[in-house]
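Please look over the sequence and the structure below before reading on. The report that follows takes up confidence, a surface patch and a few single residues in turn.

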Amino acid sequence: MKKSKKAAIYSALFMGAGQLYNRDWIKAIFFAMIEIVTLLNIFNGVVYHSIWGLITLGETRGINGDHSINLMLNGILTLILLIVVGLIYIYNIRDAKHVREKIEKGINPFKPSEYLKYIWNNYFPHILLAPSAALILFFTFLPILFTILIAFTNYSGPYHLPPGNLVDWIGFKNFIKLFKMEEWSGTIWAVGIWTILWAIITTALNYFAGLGLALLTNAKGVKFKKFWRSLFILPYAIPAFISLLIFRLVFMGPGPVNTVLLNTGVISEKIPFLTDHMLAKIMVILVYCWTGAPYWMALMSGVLTNIDKSLYEAADIDGATKWQQFYKITVPMVLFQTAPLLIMTFAHNFNNFGMIYLLTSGNPVNANYKYAGSTDILISWIYKMTLEKRQFGMAAAVTLLLFIFVASIAIYSFRRTKSFKEEDMI
């Protein structure tokens, strides 16, 4: 048997044994410590209890009994750590074999200081990226994995809320309820379609409203351009939180708009801006355009200045009209530079919780919907299900579907944009 294979087998039997065979002392101690700590946690029952908790979610009810959610979190963390240890285990075998092959070729293995220098010089970017990757793993991947698992449980009030009660695995029952039970299926289809319309309309409206404002404020012959730009950017400069609450007060039933219109005789009865199902939806779209279009105007102003003026001069010589110059030159150039941001805005609007909640709180109430109002989008519906109704399992199922839908559209759209295909043009 080759000595390199023998070193690999030693490391497979016990981490660090192959390195010890290669007289690579520092690595041998490092890998052996990982194996010892892992074995100690396995034999004292920590790993077993974590896996048991993840599988059963507890068996003892009561305040002093098992806490299903804590057991689930411990189980997830243990699984992640076991995967990391597994990857280190594989690396330990490959390292023992690789180093032994070098020794057989007459190449002396690195001394500890040389090895650290080699790692630093060859993997410097990876070392700098590692902390960010670890944070993403803990703060992004772990919550996503936790939400996915919650979607397959009956974690909800009033009978399955720990401590005191246990949570159970129920498979795909939450998803079946969403699409089979009339009260849930009617709500998810209605709220889902409104969410898609909301995201498309608000994104397109803000985008072209911003482009229009940018073209107008940059047009030849327009005087006091700085004044107009400053005026139009004001709605964006004011915190959206304040603007939305003001709009809510202004357009509510006894608000100043209805009062003025009634007193001046323009209307004979109050307009239900925020209490009529359709009118409330139109209001949230228009108010969002008010707060969002200035951002696009500022962005478009910068983009428009980067378009080569010779293109318009050539178009003038060829006899192209202003409208032809707009959709043949301006729109393609602007879209090319802003397409990734446009896609991100679409994804953001899909989850624009603050806009809906601060302006209407999802109202007006719709008796046909389960825990949702007429202006609720999926994210605000999820909020109500979790914090107001404690339907965590159903909310997690909707969240998972929403995540899959938005992520699929975003990834597909990003891959098809010219700015990603033709990076050299940037």
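## Confidence

In this predicted model, confidence in the protein chain is lowest in helix 19 (residues 418-421), where the mean pLDDT is 60, and it is highest in helix 4 (residues 46-56), where the mean reaches 93. Over the protein chain the average pLDDT is 88, and 97% of the residues score at least 70. Where pLDDT is low, the predicted coordinates should not be read in detail.

## A nonpolar surface patch

Twelve names need not be learned at once, but it helps to know that a nonpolar patch of about 1,100 Å² lies on the surface, with Phe179, Trp189, Met278 and Phe405 among the residues that make it. Two or more residues of this patch come from each of helix 9 (182-218) and helix 13 (277-305), and helix 9 gives the most, with seven residues.

Phe179, one of the patch residues, is found in helix 8 (residues 173-180). Because its relative accessible area is 39%, Phe179 counts as partly exposed.

## A buried phenylalanine

Phe251 belongs to helix 11 (residues 240-251), and it counts as buried because its relative accessibility is 16%, which is under the 20% cut-off. Leaving aside residues up to four places away in sequence, Phe251 touches Val257, Phe273, Leu274 and Met283. The C-alpha atom of Phe251 is separated by 35 Å from that of Leu400, which is 149 residues away along the chain.

## Helix 17 and what follows

In helix 17 (residues 378-388), the buried residues include Leu378, Trp381, Ile382 and Met385, as well as Lys384. Just after helix 17, Arg390 takes a positive phi of about 60°.

Conventions
Residues numbered from 1 in each chain as written. Predicted model: local features only at pLDDT ≥ 70, side-chain atom pairs only at ≥ 80, totals over all residues. Heavy atoms only, no water. Buried < 20%, exposed > 50% of the residue type's maximum accessible area, 1.4 Å probe, protein only. Helix = DSSP H or I, 4+ residues; strand = E, 2+ residues; numbered from the N terminus. pLDDT = per-residue confidence, 0-100. Contact = heavy atoms within 4.5 Å. Patch = residues over 30% accessible without salt bridge, like charges linked within 9 Å, V, L, I, M, F, W, Y side chains within 5 Å. Areas by Shrake-Rupley, 256 points an atom, 1.4 Å probe, with all protein chains shown as cover. Salt bridge = Lys/Arg side-chain N within 4 Å of Asp/Glu carboxyl O.
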